[in-house]
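Subject: Structure handover and notes

Dear colleague,

Please find below the structure I promised to pass on to you. My notes on what was found in it follow directly after.

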2 protein chains.
Amino acid sequence: MTPDIHNSLHVVDGLQYSNWSRPLLEELRTGGLTAVHVTLAYWEDARASLARIGDWQRRFREHADLIIHARTVGDVLAAKAARKTAIIFGFQNCSPIENDLSLVQTFHELGVRFMQLTYNNQSLLGSGCYEPNDAGVSRFGREVIREMNRVGLVIDLSHSSQRTSLDAIELSRRPVVISHANPNFFHQNVRNKSDRLLKALAERGGLLGFSLYPLHIGGADCPLESFCDMVKRAAELMGIDHIGFGTDSVRGWPDSELDWMRNGRWTEGASGSAKPSWPEWPAWFRTPADFPNLTHALLRHGFARGEVAKIMGDNWLRIFRDGFGPG
Amino acid sequence: MTPDIHNSLHVVDGLQYSNWSRPLLEELRTGGLTAVHVTLAYWEDARASLARIGDWQRRFREHADLIIHARTVGDVLAAKAARKTAIIFGFQNCSPIENDLSLVQTFHELGVRFMQLTYNNQSLLGSGCYEPNDAGVSRFGREVIREMNRVGLVIDLSHSSQRTSLDAIELSRRPVVISHANPNFFHQNVRNKSDRLLKALAERGGLLGFSLYPLHIGGADCPLESFCDMVKRAAELMGIDHIGFGTDSVRGWPDSELDWMRNGRWTEGASGSAKPSWPEWPAWFRTPADFPNLTHALLRHGFARGEVAKIMGDNWLRIFRDGFGPG
């Protein structure tokens with residue numbers, strides 16, 4: 001395998017959350033990333049989310065040689081042509097819209113293109129994947145799904161529970177995504193997804209982004225070949241057009257950020273008595289600079305070049321093209 | 001004078017603040033308004049300003065046959081062609097950006113095109129026209145002026161004091177406006193402006209919008225002919241390219257709104273012991289539906305048709321064209 005094959009592809013990472021600095025943005029270039037969906041908010045309200053957008057305005061100005069803000073698939077293709085990485089905004093929770101339906105359009109106008117309905121816990125829209133009871137999509141949730149469909153803000157169900165996810169897939173008139181998770185048939189985890197859910201997602205034109213986060217693959221010693229087996233089986237279950245990557249790469253954060261990310265300010269104790277620390281990543285994917293390893297492994301594993309192109313980015317480009325404009 | 005003359009013009013009102021309902025939007029159509037700069041905020045912070053934008057999103061959907069949201073001069077011309085009124089967002093204070101420079105770009109992205117540096121009182125940026133002491137533009141004010149210049153958010157000095165206004169005119173690399181006020185030579189009032197300020201404004205390519213607010217014209221019995229005399233003298237002082245209208249029309253509000261508008265929540269007593277009430281308007285301009293009266297009066301008063309076209313809207317269109325894009 002020559003590096004040229006990887007560099008000729010559109011390479012998309014469907015989810016990253018890092019403490020961005022120039023070295024980390026340079027990793028994206030080293031990894032040949034065409035586009036990255038970055039997380040702006042976990043628990044932030046509307047005002048705090050505006051501050052996160054302000055942070056990105058400064059990054060786009062200071063690192064204009066490395067990154068651009070993408071609002072459309074056209075922006076993504078232009079970034080690729082200019083050898084820059086397109087940055088796409090997303091929220092991992094609905095906290096930024098508070099209880100105000102108009103904020104869906106407002107944040108879309110500011111470039112937000114993905115929003116999760118829930119983040120682990122019950123939200124105003126539905127149940128998170130750690131909730132023991134799941135009442136599905138709420139009244140406000142139905143309104144928000146309709147509004148997200150209208151303006152072109154893609155629904156992300158990565159941290160939602162099963163009933164809420166199935167409800168959302170059924171309610172949405174447009175394809176939805178699970179930007180970063182894996183099938184439960186590969187590794188049983190509260191964040192991974194059932195065959196039933198993955199099939200429903202694919203049948204409605206959606207996409208699953210495979211996570212490399214250690215807890216979603218059974219730990220850092222997960223062999224790359226086992227991971228590729230999982231991709232193969234997911235392709236058989238969902239179809240080759242409905243899979244991609246969403247690595248959940250988290251770079252540059254202190255352990256304290258993990259506590260914020262998981263628990264916000266809703267609890268003092270949900271992470272257990274010990275303070276959590278960031279897990280070790282597999283040797284074959286320590287940072288986004290290792291993205292070429294994924295391309296080469298899939299080719300070695302027997303995927304055709306066109307199939308690899310779909311998995312590495314073309315399927316995400318379809319979601320961008322069909323998902324980001326008015327419905 | 002036939003009504004056709006008025007209808008053939010681009011008619012712009014540089015400032016209105018009304019409690020918008022369908023009948024009031026219909027008044028804009030009756031008055032032949034091509035574009036109106038509407039006020040979204042007096043004292044609101046960032047979050048509350050987002051709610052005002054949400055209010056307008058709903059109005060644009062519900063009254064799509066009457067109004068459209070304009071972000072560019074092209075949008076304004078398209079509105080005229082479609083026989084709709086273009087709505088342009090503005091803030092009468094800098095409270096929406098709080099102390100966060102990034103919010104200048106953020107609100108510009110949401111369509112805000114005018115912002116006053118101050119509203120009557122001292123702000124983080126400079127002094128309002130009711131302050132006894134005026135230290136001019138502040139450190140943050142200089143940053144905000146530079147940023148407004150960069151993104152294309154037009155500086156409005158209507159409620160600023162003289163030194164702050166002169167500072168801003170000097171600091172700004174792009175033309176600034178006084179969207180709604182009158183010359184002090186016509187009616188001496190803390191809100192009206194000195195010859196020195198008006199000349200400085202015009203010399204830097206700016207624009208004064210003549211106010212019809214009763215307190216700015218000496219009361220409801222101000223004769224239309226006196227008003228036209230003032231326009232004539234202002235044209236001589238500033239040049240025919242630097243004047244227009246900003247009526248300060250306020251429709252549909254209870255008296256309690258006047259108290260909020262003037263005093264926000266910073267005082268209980270600034271309006272004096274008596275509760276303020278809305279003033280009576282002149283018979284020749286009770287509502288924006290009376291805009292044709294202004295066109296006809298200026299023509300009767302001896303202005304050439306081309307001069308009237310400039311005053312009624314073309315000068316504002318120049319500000320929109322030159323002021324709303326990146327600098």
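To begin with one helix pair inside chain A, α5(A) passes α6(A) in a right-handed crossing. Please keep in mind throughout that this is a predicted model, and that every value below was computed from it.

The helices α5(A) and α6(A), the latter spanning residues 139-151, have axes that lie 9 Å apart and pack at an angle of about 30°. Since angles under 35 degrees count as roughly parallel, α5(A) is therefore roughly parallel to α6(A). On the α5(A) side the contact is made by A:V104, A:Q105 and A:H108, while α6(A) contributes A:V144, A:E147, A:M148 and A:V151. Sorted by character, the residues of this contact of α5(A) with α6(A) comprise four that are nonpolar, two that are polar and one that is charged.

The helix α6 of chain A appears again in the surroundings of α7(A), which covers residues 162-171 and whose buried residues are A:T164, A:S165, A:L166, A:D167, A:A168 and A:I169. The elements that cover these buried residues of α7(A) include α6, β6 (154-156) and α8 (195-203), which belong to chain A.

Turning to the relation between the two chains, a turn of 180° together with a shift of 0.0 Å along the axis lays chain A on chain B with an RMSD of 0.0 Å. This is therefore the relation of a two-fold axis. Within chain A, the C-alpha nearest that axis belongs to A:R47, at 2.9 Å from it. Both copies use the same surface, in that 100% of the contact residues of chain A recur in chain B.

How many residues does each chain bring to the contact? Chain A provides 14 residues and chain B provides 14 residues. On the side of chain A that touches chain B, α3 (46-62) and α5 (102-109) of chain A each supply at least two residues. It is α3(A) that gives the largest share of this side, namely seven residues. Taken by character, the side of chain A that touches chain B holds six nonpolar, five polar and three charged residues.

One helix packing across the two chains can be described in more detail. The helix α3(A) packs against α5(B), which spans residues 102-109 of chain B, at an angle of about 100° and with the two axes 9 Å apart. As the range from 65 to 115 degrees counts as roughly perpendicular, α3(A) is therefore roughly perpendicular to α5(B). Here A:L50, A:I53, A:G54 and A:Q57 of α3(A) meet B:S102, B:L103, B:Q105 and B:T106 of α5(B). The residues of this contact of α3(A) with α5(B) divide into three nonpolar and five polar, with no charged residue among them.

Two residues of chain A deserve a note on their backbone angles. Most residues other than glycine have a negative phi. In A:E98, however, phi is near 50°, a positive value in a residue that is not glycine. This residue, A:E98, sits in the loop between β4 (85-91) and α5 of chain A, and it counts as partly exposed because it has 16 C-beta neighbours inside 10 Å. The other case is A:D248, which is not a glycine either and has a positive phi of about 65°. The loop that holds A:D248 runs between β9 (243-245) and α11 (255-263) of chain A. Is A:D248 buried or exposed? With 24 other C-beta atoms within 10 Å, A:D248 is buried, because the cut-off for a buried residue is 20 or more.

Finally, two residues of helix α13 in chain B may be set side by side. B:I311 lies in this helix, which covers residues 305-323 of chain B, and B:D322 is found in helix α13 of chain B as well. B:I311 is buried, because 26 other C-beta atoms lie within 10 Å, whereas B:D322 counts as partly exposed, with 15 C-beta neighbours inside 10 Å. Apart from its neighbours within four places in sequence, B:I311 is in contact with B:V231, B:I243, B:G244 and B:L298. The C-alpha atoms of B:I311 and B:L24, which are 287 residues apart along the chain, are separated by 23 Å. For B:D322 and B:S127, 195 residues apart in sequence, the C-alpha to C-alpha separation in space is 27 Å.

With best regards

Note on methods: Residues are numbered from 1 along each chain as its sequence is written. Chains are lettered from A and ligands numbered from 1 in the order in which they are written. This is a predicted model: local features need pLDDT of at least 70, side-chain atom pairs count only at pLDDT 80 or more; totals for chains, interfaces and linings use all residues. Copies are superposed by least squares on the C-alpha atoms of residues with pLDDT of at least 70 in both. Two residues are in contact if their C-beta atoms, placed from the backbone, lie within 7 Å. Helices (H or I, at least four residues) and strands (E, at least two) are DSSP runs, numbered from the N terminus. Ala, Val, Leu, Ile, Met, Phe, Trp, Tyr, Cys and Pro count as nonpolar, Asp, Glu, Lys and Arg as charged, and the others, Gly among them, as polar. A residue is buried if 20 or more other C-beta atoms lie within 10 Å of its own, exposed if 12 or fewer, and partly exposed in between; C-beta atoms are placed from the backbone. Axes are lines fitted to C-alpha atoms, for helices over the stretch in contact, and angles run from 0 to 180 degrees between N-to-C directions. Angles under 35 degrees count as roughly parallel, over 145 as roughly antiparallel, 65 to 115 as roughly perpendicular and the rest as oblique. A crossing is left-handed if the near helix is turned anticlockwise from the far one by less than a right angle, and right-handed if clockwise.
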